[in-house]
Structures are given as C-alpha cells and as structure tokens.
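Reader: Please take me through one part of this model in detail. I would like the contact between the two chains, and what lies around it.

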Amino acid sequence: MLSIGWRNMKRDRLRMAVAVCGVVFAVVLVTMEVGMLLGLVESSSLLIDGSRADLWVSTVDVKTFDFASPFEERKKYLLQSVPGVEKVEEFNVSYSVWKLPTGGNANCQVVGLDTRGTLAARLPLVAGRLEDLRNQDAVIIDEGERAKLGNPRIGDCVEIINQKARVVGFTRGMHSFTTTPYIFAELNRAQKYGWVTRQSKANGARMSIYFLVKVAPGYDREQVRRAIEANVPDVEAHTREGFSWRTRKYWLLETGVGLGFLAAALLGLIVGGVIVSQTLYAMTVEKLPEFGVLKAMGASMGELARVVLEQGLACGAIGWVVGLAISVALGAAAGSAGTAVLIPWALVVAVGVLTAILCTGASLVSIVRLRRLEPAAVFRT
Amino acid sequence: MSEAMIELHRLGKRYESAAHSDGSWAVRGVTLTVFAGEVTVLMGPSGSGKTTLLTMIGGLLEPTEGFLSVCGVTLDDGSEPDRQRFRREKIGFVFQSCNLLQALTAEENVAVGLALRGEDPGQAQRLLEQVGLGAKGEALPEELSGGQRQRVAIARALAGSPPVLLADEPTAALDAEQGRLVMGLLRRRAKTCGTAVLVVTHDPRVRDLSDRVIEMEDGRLRRIVRRMRKPGLLPSRRLDGRATGSRKEVRHVSA
Ligand SMILES: Nc1ncnc2c1ncn2[C@@H]1O[C@H](COP(=O)(O)OP(=O)(O)O)[C@@H](O)[C@H]1O
Ligand SMILES: [Mg+2]
C-alpha cells in the first residue's frame, strides 16, 4: 500500500514536530549520557592505555588505577632479577591537596613519572616540555583543569601540601575518572607532593605505588607475569590490557556511576517514549474514521499497524538524525570545555536501534486501539 | 433472470446493549434477494434498521439469526480474517460522510482502494475519469466539493470491480444536482458491469434511478416496489408509480 503513515505525518506538521521532539529528547539524553560515560570510562584508564609497559605491578587486590597502596621501593631489585624482565620503572599516583589562591583547597592526584624513562604514557603537552619537569619544584597540569586549580599560568608558584611547586607546562585531555585533576611531576618530587607516598616515607623506607615492566624479547608476557607473582612477595602483576579493564570495570560496575548514567539515559527513553506514544495516539484517535474505512474496505490489522508504525518510525528517523546532530554539537562543546564525550559509530547504531524500538513501542498503544475498532462504526456518523 | 448476488432469509440482528435488553430487534425476519445488475433502494424512517442491514450484508456485523449469502459466500462461522477477505474481494462501500483519507490526494485515495484489492494503483486516474474527476487527481479532499468527494469515494469503491456495491445515504449531504450525478454513477455501474447495487437513502429523488424500492420499518421490510422500465427511456423524475416511462408493481410484505 501507499505510504499513508508518512503522508499523515507530513500533513500534520505540528504533531510531527511534537513527536520528533520527543524522539530528539530521548536520543540526545541517551547519546550524551552514554557518550559521557564512555568518555569517563576511557579517561579512567588513560594513563594505563597510553603506557608502553607490558606489565603493571602493584600491591595485591588493587581495585582500580586511582586507589593503589604503596609498597617498598626495594622490591624493584627483586623484580629486576625475575627472568624475562628487561626493564623496570617506577610510577606513582597519589592523592594530594592543592592550595588555591583564594585560600581554599582543591583535591588533586599527583602522578610521578620517570622523565628519563620510556615506559610511562607520553604526556600530550600543549605548553612546556617533559624535560622541564626535572627543574626545581616543577609540575605540569592539564589546561582543561586549570579552572579547578585557580587558573595558574606557566611560571606561577603554587603550594601542594605545604610544598612549593611551579607550573611549567600544560597537557590537553588528561582527565581522571574521578574528575580530580592530575598533577604531573618528576618521581622524586611526586614523592613529597603525594599524600600516600609522603606519609609512608615518614616510616623510613621509600615507597612506590606501581612498577612498569618491559618484558625482554623472546619471553612470553603471561609467563613473565606469573613468574613475577611467584618470585616477588605481596605483589600482583597485570598485563596492560588486564589492568585497564580492571580499572574501567571498577568504575563502571562496582561504583554506582555507570548505573547513574544509565538511569538518566533510561529516564530520557521513558519521557521521550511517552511523548511519542501520546502524540501518535492522539493522531490515531483523530483518524479513527479513516482507519475504520480502511478496515471496512478489508485492510488487515497488519496493514493498519503498518500505517501507525510508519508514522512512528518516520518521527523516529527524523528525531534520530536531529538528535545525533545535536549530540555531536553538544559533545564537541563539552569536549572543548574539558569533558570528553565519546560518540563512536557503535553508539550511533545502538541509539538508532533503540529509537526504532522506542517508536515501535510507542505505536503499540495505537495499534491496540485499532484492534478494538469496529469497522461497522464507519456507518454511524 | 440474472444471478442472485445477495440472498437473505429471515435475517435478524439484536444488539447486545442496554437499550435493547427488552428484546427489541434492530432488524428482524428480513428475506430478500438482490440480483446482479440491479439497483435496489432501501428507504425507511431513521432507526428502522437500514444501516444495520447494510452492515450485515457487507460482512461488518454478524447477524443474530437467519441466513445470509453474498456472492455465494456465507459468513456463518467466518473468522475476522475471512470477513476481511470477503469485504476486500466482494464489497465496495460508499459512506454518507465519504471518509476519504485526508492526507492523500484524490488519486492516492483511489489507489489505496486498488492496492487493497491487489490491483495496479496506476488505474486510479482512469477510475477518476469514470466519475468525471479526471482533472482532480492531484487535489486533496479538503480542496474538493462535497459532491466531488463523494464521487472520489465512489471511484475508490469501484476499484477492483467488486460484484456488490453498498451505499449508505450517499447523497444525503449533497444538493439535488450532485445527488443525481452520484446516483447516476452507481446506476451506470450496475448496468454496465452487472454489479448489484444496494443504496440506503432518505432522498425521494433517488428513487427514480432505482429498479426496486424497499421500505423498512421497525427492522422489518414493509413494502417492495418493483419498477419496471421500458428500455431506452430516461429515468422519470416523477415520484409516483404512474410516472412516464415506468410501471410499478407493489408487493406488500406480510410482517
Ligand atoms: N451499535 C449499536 N448498538 C446498539 N443499538 C444500535 C446500534 N446500532 C444501531 N442500533 C439501534 O438499532 C436500530 C436500527 O439502527 P440503524 O440500523 O442505524 O437504523 P437506520 O440506519 O435505519 O437509521 C436503532 O434503534 C438503533 O438505535
Ligand atoms: Mg442509518
């Protein structure tokens, strides 16, 4: 049959606009929530994924990159003696407090890296050089986090738990999942800027958070990993991918964060679905006599359902395209404001499928009404 | 005599609603045969059961009792899909308010009728020409006059050449001129294609274009007036049986 549904929609621009808005609302909310979640999840393992280490060594039962406990630095020598270990570098992450010019404090995460090493992630610098970190009290922060840290400029002196520090460079896009800004520093300075490392140092021995390991050529990564766990007491060794996934999984599943985002996305779906279904239903009721005529003429339920579905899916398709365009624009705006929103093709397709399901579901109310429609009623007007 | 298209025997309908719980019947004991090529007009006061009878014949309503056969199909224990197929294949409907699909042009409305009957929608233009609206194919229903709309509805009903045409007060909303035009179209169809045409109407002017007038009252047939035309004569405008060009034979139906 002719595309009656599409024509109905075209002739009823106002209703179509309302239904399309419903779809757009749902599409934007779902895309943005999931895109933001993906961006956050990706950022949670940014420093792991970017690293060139084959293995990450930590204390046992580390749940996520951000929450690791320190262990004695001298385990480094044990590590180096494990067969297949070519190179070991120290890498620290530790919470700390950054003093704001207003007198207040901002939480931050001090990342200590070996500026002469090769295994840590390369910093995407937009100002300054990595070597500048070797200068006295030098730290690098992310340009997107400057506002949280009181808008320091290059050369500004600041204070991190009563220690003097000086900003020597900016990275771009280095955000943590917890939204606490990263402060990058040379290993030794990070030791005194970091809360955990500093506390534990007070007990005498120097403490480390992670060791990055490069596996020697010809050795199997997994075998070296097991050998480390067997030979070095109280440590756990992870492949880079394994540790990345563990970190992502933690934020996504073990905290309520993932659920929170999904709940917001679901809310968008429900609200959008109700708008679409109400609009389609109002349209169906208005056109009951026409549907009655079709039914009297012998149109099957399937053919009537097709008309309604076509109306729904037409709104869905338009809403999907418009919603995605808006999402991409919002995502770009959020990105330049420092919040990564990832909209991969898989998300685009998934939202499309979801929209189709939403609009089909929204059409069901109308279809149920049409099932009950007595075709004999067309004679009683 | 030509083939019997509609055969009713002691047909009755009682609505299952509060208003009729006293046992009154909307239609009762109707026995009637309508032949191919015959135009039958059904008259009677409002509420006399004309529409109910028509909807039963059209397979839209199940009779409470009696025998009903249309084009050899009895829908006694027909399921809804059977009825649907029956309506699709055998019946063309014309309603009082013509109920065209508002979002579709005249041609598209006719094309829907064709598509439903599995015919080539491309014939829509030809059907519109048959009802004198060849130039209005692109017009939307709201751009047409009442008479024009009703003619589009007739073109839609004619789509696929159903053997039975049922029309419920098709001229009620039209002026005399348009009314005769619409009635003429139905009549021409009956005479050229052998379609059995059953028209419900209040309009006495329409009577002249019929072969038979049946009067209903309180759900029963009261009177059947068979008009016999002399071939080649134009239909008379006179309302009584003595009109030029036709004789009439009145049969009173016992209740
Ligand atoms: N769906 C229905 N439910 C209950 N009663 C009905 C229904 N349709 C018609 N009736 C009753 O049946 C009788 C015949 O109605 P109808 O066939 O519409 O008459 P007509 O078309 O001659 O005016 C009337 O008394 C009417 O009130
Ligand atoms: Mg009626």
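Author: What follows starts with the contact between the chains, then turns to one helix, the ligand and a few loop residues.

The model is predicted. That applies to every value below, each of them computed from the predicted atoms.

Start with the extent of the contact. Chain B contributes 30 residues and chain A contributes 26 residues. Together the two chains bury about 2,500 Å². Carbon and sulfur atoms carry 63% of that area. On the chain B side, three residues stand out: B:Leu101, B:Ala103 and B:Leu116. They supply 21% of the area that chain B buries against chain A, more than any other three residues.

Now the polar side of the contact. Three salt bridges are counted between chain B and chain A. A salt bridge joins the side chains of B:Glu108 and A:Arg7, with 2.1 Å from N to O. Eight residue pairs are in polar contact across the interface, both partners being at pLDDT 80 or more.

Which elements of chain B give two or more residues to the side that touches chain A? They are α1 (50-57), α2, β5 (91-94) and α3 (106-116) of chain B. The most comes from α3(B), with six residues. By type, the residues on this side of chain B divide into 15 nonpolar, nine polar and six charged.

That makes α3(B) the helix to look at closely. Nine of its eleven residues are buried, so α3(B) is largely enclosed by the rest of the structure. Buried here means under 20% relative accessible area. The buried residues of α3(B) are B:Ala106, B:Glu108, B:Asn109, B:Val110, B:Ala111, B:Val112, B:Gly113, B:Leu114 and B:Leu116. Two of these names have come up already. B:Glu108 is the residue in the salt bridge with A:Arg7. B:Leu116 is one of the three residues that supply 21% of the area chain B buries against chain A.

What do the buried residues of α3(B) pack against? Both chains take part. From chain A come α1 (4-11), α10 (288-296) and α11 (301-336). From chain B come α2, α4 (124-130) and α5 (146-158). After the helix comes B:Gly118, with a positive phi near 75°.

Step back to chain B as a whole. It has six helices and ten strands. Of its 255 residues, 53% count as buried. Take the contacts in chain B with a separation of 6 or more: residues 24 or more positions apart account for 69% of them.

Next, the ligand. Ligand 1 lies between chains A and B. It is surrounded by 13 residues. The closest are B:Gly47, B:Gly49, B:Lys50, B:Thr51 and B:Thr52. B:Gly47 places a backbone N or O atom 2.6 Å from an oxygen atom of ligand 1. B:Ser48 does so at 3.2 Å, again to an oxygen atom of ligand 1. B:Tyr15 uses its side chain: a polar atom there lies 3.4 Å from a nitrogen atom of ligand 1.

B:Pro45 leads on from here. It sits in the loop between β3 (39-43) and α1 of chain B. Its relative accessibility is 44%, so B:Pro45 counts as partly exposed. Leaving aside neighbours within four places in sequence, B:Pro45 is in contact with B:Lys50, B:His202, B:Met216 and B:Glu217. B:Lys50 is also among the closest residues to ligand 1. B:His202 is 157 residues away from B:Pro45 along the chain, yet their C-alpha atoms are separated by 7.7 Å.

Finally, some loop residues in each chain. B:Cys71 is in the loop between β4 (65-70) and α2 (80-90) of chain B. Its phi is positive, near 55°, although B:Cys71 is a residue other than glycine. In chain A, A:Asp61 is not a glycine but has a positive phi of about 60°. A:Asp61 belongs to the loop between β1 (55-59) and β2 (71-72) of chain A. Is A:Asp61 buried or exposed? At 65% relative accessibility, A:Asp61 counts as exposed.

A:Asp132 is in the loop between β5 (125-127) and β6 (138-142) of chain A. A:Asp132 is buried, its relative accessible area being 14%. Not counting residues up to four places away in sequence, A:Asp132 touches A:Ala138 and A:Val168.

Technical notes. Residues numbered from 1 in each chain as written. Chains lettered and ligands numbered in written order. Predicted model: local features only at pLDDT ≥ 70, side-chain atom pairs only at ≥ 80, totals over all residues. Heavy atoms only, no water. Helix = DSSP H or I, 4+ residues; strand = E, 2+ residues; numbered from the N terminus. Buried < 20%, exposed > 50% of the residue type's maximum accessible area, 1.4 Å probe, protein only. Contact = heavy atoms within 4.5 Å. Buried area = accessible area lost by both parts, 1.4 Å probe. Salt bridge = Lys/Arg side-chain N within 4 Å of Asp/Glu carboxyl O. Polar contact = N/O pair within 3.5 Å; in protein donor to acceptor, adjacent residues only side chain to side chain. Nonpolar A, V, L, I, M, F, W, Y, C, P; charged D, E, K, R; others polar. Near = heavy atom within 4 Å.
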